[in-house]
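I opened this notebook to keep a record of what I looked up in the structure, entry by entry. Each entry takes one region or one kind of feature.

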Amino acid sequence: MDLSPTDEIAGHLDNAATALHYLGLPADPSRWVETWWVCQALVERLAHPQTLLWKRVEDTSEYITQARNALDSVGVRSVHLPESLDVHGAGRMAASGQDLLKHLQTKGQPRVRERFMSLASREQRNAHDLLTLCTIDGQSPRTVDDLEHVLAYLRAHIALDVVAARWKQVKAPLPEGDLEVLLAELDQRHKQLEHIAAFVEARESIDRILVGQGVRFALTTPTAWQVLTRAAGALAHRRAADEALAQLTSWDQYLSATKDGQQPAPEARALSAALREQDSAAYSKAVDDLHAAHERDARRSRCRHLLDRIRSVHPMLSARLLEEAPDPQWDERLAQIERAWAWGAAARFVADRRELGLEQRLDTELGQQEALLEEITGELAATWGRLHCLRNMTSEQRSALQMYQTHMSSLGRGTGRSADRLRAAAKERMRVAQGAVPAWVMPIADVAEMVQTGRNSFDVVIVDEASQASMDALFLLWLAPRVIVVGDDKQCSPPSTGFGRHQAIRDKLAAYLHDMPSGVRELYMPHTNLYGLLSSFFPEVIRLDEHFRCVPEIINWSSANFYDESLLPLRQYGGERLDPLRVTYVEDAATIGREIRIHNPKEAEAIVDALERMTEDAAYRDKTIGVIVLQGHGQTKYIEALIKQRIDPAVRQRHRIQVGNAASFQGDERHVILLSMVVTDPPKIAGGARYEQQAYNVAASRAQDQMWLFHSVPIDRLKPNDMRLNLITYMHNPPTALSALHDIGFVSPKVMQAPFQSMFEQEVYLRLKGRGYHVLPQYPAGTKKIDLVVVGARGRLAVECDGAHFHDTTREQIERDHQRDRELRRVGWEFYRIPESEYRFDADEALTGLWSELNRLDIHPADFTHSPATREASTEWSPLVLTDPDEAEADLAGYGDEPYDADPGESAADFGGAPSQNTQSSALTELGNFCVYDGDDDSEELEQSA
């Protein structure tokens, strides 16, 4: 027999076995249950009797569907029919009920049944049996809905009666029960009929194949079916055996064959012999040996492949693996190879991309570019301003401007015989030249005299040192719609008149400003300054709290006493600096004169002696020096005379030595300031009046590097609330900037401690300290703190440790930090940044640039822990509780009818070539037409402010 029909028979037998499986029957017919209708159906279908009847049973699926739909429409309602109702009676009931339903729907009659039979319609009488014998939910049908549900139930009953009759014909009657139970049974039987049909289909196909091959085998009994299945199974086993034998022969040939002239492996020869001898034990052992050999060969091949890959990327490692393969340490090494390889790859990645010192180089380039940008912007603004001026300037204005400059130069100090004539000529030329220059800078006194004033003559008026501008400057507010006032109410105010004129001034104010409240008119008294007046009307001022002039020890006295310790000193300085505060007590001194003519010759001589020593000391070679007298003008003149006698003019010029009172130094500064207290036995305290507080504040904040205090009054003669005593006490015991404040003691190399913010910062600190540098951690600089400050003899280096905290900050925070760094650079700070990533990669290499930068800045290992001067023992200092009396009464407290401040030309002498009081300068800008007026006639300071 051909193999193809055999394969087809085997497939059909498999389909038949699947059908029997789903029917729950074994493939062996002898184990079938003869009484089960399924087994009877299988036997009958094999023998072909009653095939038509079974076909009719299979065709009842339509009736079952009708019954299921009818019962679904009834839902959960309970319908009962008469027990004796047969299929014919049910059909009659259904027909009469359907006619009644149509009748009710046509007439729109809601009642199904009339109370009296005589009133019933023909349809109601015909459906009498349905309405009386059938119930729904225990009652006769009453509504159309009830009637519809009863009719649906009747239709299901009729359909299932038909189905039950056909099952009875094949001798497989349905069990007794409700319609729902019968419907469930029929669903199950029809599924089984499908599997029976599949079995019969397989049997018919097999029979056709056998007949087609000339084999006439009657498959009409279970026994014949069993014979066929067994024969097919035996044939399949025989074919499998033949295929296995052929495979064994093929394997034997494969294992015994030579390849490339080489004999087969011993394991292959042993397996081939076991196959020929059909020795199962030898075959099993040979297979295991061959499998082991294949695994060894696969490992060797994998090893060669991996070694080639390693050699391509890491020749050194591959060579060591070959040379040192027996070394037992490779077990531990290879266990960590993944981590080691990852570390090596990361190290190479970083090494290929890192550039040592890149951060510092970029920071330096950024600073250079910003400085260049600032310079170019300034040049551009100046050039644009000049261009704007020249484009808009007429020939007449150019000529007038030149003449104005000539007249003002000839005027000089304005004391000559031709002064009035030159002043008038300059004013006349100013009227023509005024519109040619967009910005004028001049003292207030020159404005009314020279400028052609008018309402809104300028776009903007800027008044500098407005606290020294008296009420005479009110007209400035008329000159522009916008006014910027710069001043400090804690500094010197303009002088006021004596008591005799106060009442007359009040009377005039009351007469001309009668509609103004008296409390407001009082603000226009002579003791008020322009800044105080405007700050009363506009209290929301912009306060500048960063201080760039003085070292901390000097400015902290003013900050604590007058500014609630809000000033932030940002001055840069080194370790070998001048001692910031020096106090000299002059013994056996006596004063001559009184009031403003008081002077102290011995104290004056001590001051000039100190000046002579300074001018000869190399430490003061490049220092400017000023002397501020704290009381009277007699001491000023006396010191001036001594200086002219004892100090060469060239020396005075080089050091810009100037002598004056506090008001004459307002807006000015010197590297070194010497204060003269003058008095020896004061009759009253100093500091009770506002002008005294202002004078002391100005005097104590003019020195950049060093401030001396010469006093001849014993401390025990000063009262506790005397400002003089407070200043002396402070200068004896100032807060140190390099010693106790930063004495943090032992620093652990392993445990982070205050004040450090990271272990990285702490490690860099220890590296610096290990080399002997003086290092201050978390050094306050304005509103931020610098990580580390390395102090040298003449400078300091700010070291920023940019670690995880730096990289976790936002872009805006980083930009603010860099902006802050640039501001500190402008006052002399040098910065060096160390990225933590560079430090962790190679700490020694990362710090190489730091050591070079320290050497470049001439910062060497040193210890500046102790202050260079030994101070006298004194009581602990604390800020003075200042009184705030009425300004007018305070002005009158000590000077009677004498004005507090004499003529500046008389009260101050300038030996350093400072600009004269009548010097004016102009600036050209494209910002608009504006004028800057200086309240204290200090053009140099004004130009710096502008």
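Before anything else I noted that helices are DSSP runs of H or I with at least four residues, numbered from the N terminus, and that the model I am reading is a predicted one.

**Overall**

I began with the whole chain, where I found 38 helices and 19 strands, and where 42% of the 946 residues count as buried. Looking at contacts between residues at least 6 apart in sequence, I noted that 70% of them join residues at least 24 apart. The exposed area comes to about 51,800 Å², of which carbon and sulfur atoms supply 52%.

**Nonpolar cores**

I then looked up the largest nonpolar core, which has 66 residues, and wrote down the ones with the most contacts inside it: Trp37, Leu42, Leu130, Leu154, Trp167, Ile196 and Phe199. Helix α9, residues 179-212, gives the most to this core, with twelve residues. Apart from this core lies another, of 51 residues, and I listed Leu630, Leu725, Ile728 and Met731 among them. I returned to Trp167 for its surroundings and, leaving out residues up to four places away in sequence, found that Trp167 touches partners including Trp37, Trp54, Val57, Leu186 and Leu193.

**Two helices**

Helix α5 runs over residues 87-107, and its 21 residues reach 30 Å from the first C-alpha to the last, close to the 30 Å expected. Its buried residues include Gly89, Ala90, Met93, Leu100, His103 and Leu104. Directly after α5 I found Gly108, whose phi is positive, near 70 degrees.

Helix α18, residues 419-433, has 15 residues and reaches 20 Å, close to the expected 21 Å. I noted that its buried residues include two arginines by name, Arg423 and Arg429, along with Leu422, Ala426, Met430 and Val432. The buried residues of α18 pack against α17 (395-411), β3 (439-443) and α19 (444-450).

**A surface patch and a buried glutamate**

On the surface I looked up a nonpolar patch of about 360 Å², made by Val313, Leu334, Ile337 and Trp341. Val313 belongs to helix α12, residues 280-313, and Val313 counts as exposed because its relative accessibility is 55%, the cut-off being over 50%.

Is Glu838 buried or exposed? I found Glu838 in helix α33, residues 836-841, and the residue is buried because its relative accessible area is 14%, under the 20% limit. Leaving aside neighbours within four places in sequence, Glu838 is in contact with Arg354, Glu355, Leu356, Ala843 and Ala846.

**Backbone exceptions**

I kept in mind that most residues other than glycine have a negative phi, and that most peptide bonds are trans. The peptide bond from Ala754 to Pro755 is cis, with omega near 5 degrees, and Pro755 is found in the loop between α29 (723-732) and α30 (759-770).

Asp564 has a phi near 55 degrees, a positive value, and sits in the loop between α23 (552-562) and β7 (568-569). I recorded Asp564 as exposed, with a relative accessible area of 73%. Asp858 also has a positive phi, about 60 degrees, although it is not a glycine; Asp858 lies in the loop between α35 (848-856) and α36 (887-895), and is partly exposed at 35%.

**Salt bridges**

How many salt bridges does the structure hold? I recorded 28, and took several in turn.

Arg296 forms a salt bridge with Glu267, the closest N and O atoms being 3.7 Å apart. This pair links distant parts of the chain, with Arg296 in helix α12 and Glu267 in helix α11 (residues 266-277), 29 residues apart.

Lys684 pairs with Glu692, the closest N and O atoms being 3.2 Å apart; here Lys684 is partly exposed at 41%, whereas Glu692 counts as buried at 12%.

The side chains of Glu830 and Arg856 meet in a salt bridge at 3.9 Å, N to O. Glu830 lies in strand β16 (residues 830-835) and Arg856 in helix α35, so the pair ties together parts that are 26 residues apart in sequence. Glu830 is partly exposed at 32%, and Arg856 is exposed at 53%.

My last entry is a network of salt bridges that links Arg320, Glu324, Asp327 and Arg333.

Notes. Residues are numbered from 1 along each chain as its sequence is written. This is a predicted model: local features need pLDDT of at least 70, side-chain atom pairs count only at pLDDT 80 or more; totals for chains, interfaces and linings use all residues. Side-chain values use heavy atoms; hydrogens and water are left out. Buried means under 20% relative accessible area, exposed over 50%, partly exposed in between (1.4 Å probe, protein chains only). Contact means heavy atoms within 4.5 Å. Accessible areas come from the Shrake-Rupley method with a 1.4 Å probe; for residues, only the protein chains shown count as cover. A nonpolar core is a set of buried Ala, Val, Leu, Ile, Met, Phe, Trp, Tyr and Cys residues joined through side-chain atoms within 4.5 Å. The expected span of a helix is 1.5 Å times one less than its number of residues. Patches are made of residues with over 30% relative accessible area and no salt bridge: like charges are joined within 9 Å, nonpolar side chains (Val, Leu, Ile, Met, Phe, Trp, Tyr) within 5 Å. A salt bridge is a side-chain nitrogen of Lys or Arg within 4 Å of a carboxyl oxygen of Asp or Glu.
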